[in-house]
Amino acid sequence: MANLKKRLAGAVLLTVLSMVSICLLLPNSRVSTHLQNITLGTTIDNYSGLWSWHEDESSGEEDVGGGIRLVVFGDSWVDDTVEENQEAKGKSWPEVMCEEINCTSRLTFAATQPSSEWPSLPPTGVKTSNTIHAWAVENTRFLPHEDTDYTLPDLSTQIQAYLSLPPPIQAPKETIFVLSFGFWDIYDFARLDFAMAMNVTDRSIDEIFTQLDILYNHFDTNLYPAEVNATTRPKFKVIIPRLFDPTLTPGWKTHRPPPLSPSSVAEQQKNAVYLTERWNQMMENTMGSWINSLSDPEFNSTPEPAPEEEVIPLQPSEPFQPPNVNINIPSSPSEDQPRTDVRHTPRTPPSLPNPNPNPNSKTALFRTRLSAAPLSTTLLPQKDIFYHPLPTYVLSAILTHALQSAGIIDGSGLGSDTSSTTSSFLSVNLPCVREVQEGEDVDGMVDVNGMLVCREQGLFLWWDAFRLGGVANGVLGREVGERVRMGRGVRLEWEGGRGRGKGS
């Protein structure tokens, strides 16, 4: 009997040790959590679902389809990643917009520099094209050698990650894309020679619409292929926010490294303001021709392999030229002349004859099929862009706070309404996540990589040095959601809708 008790005690001890070992060795996952509950003797009401594996949809798992799907590409302004001790950050504006239009699924490919990398590394973010950025840095004078081994995915990489996903069993009833790029491009282009900065800004806009062509062809041929004699096709909808001036963020003053000679803080700030406006104007001017054009198979999601790596047709820059100088483009640049503003050759609109002499090329075959097929079989999805004036709300909040702090009301009444969200912020200059201020009570504040998180996040316009807080994102998300719900895209404005002017 004594031996039996010893054996039973030994079996129980081995069982307990085995369960403890499993809990310690397994990674932090849903399974290990359940096993920990079992080991600790807590409730196991959901024990039947212990091994039902699950992945968040944004990690690549496709659902069965139906409803409205939102696909987000971009930078820190639309990334919904929540880092440790930053749960109070709130939702991104695409998350709020998704709720407003009753999305059934959401895929996010946006990325953000981990907060732990600062201050050991300078602030950075997702660029439109890492190739364009690397070329510009390597061919700009007075810049030290930099590591161009990028860790954040650019637009092309994010889109290819989306296209590599397995198709849903049933296509969503509607798919809406979000593209948020340009902020970190302009932030960094501001330190380049001015002629170089203009060139790569223009080239980045070209790259955005090149990648939109890839998305459109995937939408047309794979996601929603045309049916014979179809009279309607789903509309290809893209949300693009107007670019916000990076010099107005708290991080431009507190986090930006000091410029190297011969550049200066004033020159870089002036460059950024000019390049932001140039970006927005070029985006608005290019949207029109793109919306009214067909999509060329040269930009299909499965392009034919190129024999060698593409070379960006730009030239190394000459000495710095300030924004207020009119740059005359000479026929052949010399050492004493400003660098020619060489732009990437504009893509030939698909509706024009293709100069490609190869009769077997994708484009030639597409045009042959397009001209020979009946109209009912060549109906293409209509394009539309929802161009939202994101800076309007942020600038209004900053201006309202300044007027109310000074006790001033302007001629339009701005500064008098104390009940609006634009006037509810305690600070529009300091972010919620920041260094300790002199005389500040830090009791109860959470530390995040040497920075402290404020207690009342809703009182700050900015979450950190370069990202908006939850209140501002909530307002923007609801505004964009209403715009999409009402169909107030660029196409409606052209067709005489209620919206007047871009971004109205």
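Buried means under 20% relative accessible area, exposed over 50% and partly exposed in between, with a 1.4 Å probe and protein chains only. The model is predicted: local features need pLDDT of at least 70 and side-chain atom pairs pLDDT 80 or more, while totals for chains, interfaces and linings use all residues. Residues are numbered from 1 along each chain as its sequence is written, and side-chain values use heavy atoms, without hydrogens or water.

**View 1. The whole chain holds 13 helices and eight strands.** Helices (H or I, at least four residues) and strands (E, at least two) are DSSP runs, numbered from the N terminus. Of the 504 residues, 47% are buried. The chain exposes about 26000 Å², and carbon and sulfur atoms supply 55% of that area. Accessible areas come from the Shrake-Rupley method with a 1.4 Å probe; for residues, only the protein chains shown count as cover. Contact means heavy atoms within 4.5 Å. Take the contacts between residues at least 6 apart in sequence: 78% of them join residues at least 24 apart.

**View 2. Helix α11 (390-406) packs against α3, β4, β5 and α12 through its buried residues.** Those buried residues are L390, P391, Y393, V394, A397, T400, H401 and L403. The helix has 17 residues. From first C-alpha to last it reaches 25 Å, close to the 24 Å expected at 1.5 Å a residue. The expected span is 1.5 Å times one less than the number of residues. Just after α11, G407 takes a positive phi of about 70 degrees.

**View 3. Helix α12 spans residues 470-485.** Its 16 residues reach 22 Å from first C-alpha to last, close to the expected 22 Å. Buried here are A472, N473, G474, V475, L476, G477, V480, G481, R483 and V484. Their cover includes three strands, β3 (174-180), β4 (236-241) and β5 (383-388). It also includes the helices α3 (93-100), α11 and α13 (490-494). G487, just after α12, has a positive phi of about 70 degrees.

**View 4. E482 of helix α12 sits 7.5 Å from E100, C-alpha to C-alpha.** In sequence, the two residues are 382 apart. E482 is partly exposed, at 39% relative accessibility.

**View 5. S92 occupies the loop between β1 (68-74) and α3.** This serine is buried, with a relative accessible area of 5%. Leaving aside residues up to four places away in sequence, S92 touches V78, D79, D80 and N473. N473 is itself one of the buried residues of α12.

**View 6. Helices α5 (155-163) and α7 (194-223) pack at an angle of about 10 degrees.** Their axes lie 10 Å apart. Axes are lines fitted to C-alpha atoms, for helices over the stretch in contact, and angles run from 0 to 180 degrees between N-to-C directions. The two helices are therefore roughly parallel to each other. That term covers angles under 35 degrees; over 145 is roughly antiparallel, 65 to 115 roughly perpendicular, and the rest oblique. From α5, the contact uses L155, S156, I159, Q160, Y162 and L163. From α7, it uses E207, I208, Q211, I214, L215, H218 and L223. By class, eight residues are nonpolar, four polar and one charged. Ala, Val, Leu, Ile, Met, Phe, Trp, Tyr, Cys and Pro count as nonpolar, Asp, Glu, Lys and Arg as charged, and the others, Gly among them, as polar.

**View 7. Helix α7 is largely enclosed by the rest of the structure, because 28 of its 30 residues are buried.** Its end C-alpha atoms are 42 Å apart. This agrees with the 44 Å that its 30 residues should span at 1.5 Å a residue.

**View 8. Two residues other than glycine, N102 and F142, take positive phi values.** Phi of N102 is near 60 degrees. N102 lies in the loop between α3 and β2 (105-108), where it counts as exposed at 59% relative accessibility. Phi of F142 is near 65 degrees. F142 belongs to the loop between α4 (130-138) and α5.

**View 9. A cis peptide bond joins S261 and P262.** Omega is about 15 degrees. P262 lies in the loop between α8 (250-254) and α9 (265-291).

**View 10. D443 lies in the loop between β6 (433-434) and β7 (446-448).** D443 is exposed, with a relative accessible area of 59%. R455 is twelve residues from D443 along the chain, and their C-alpha atoms are separated by 9.6 Å.
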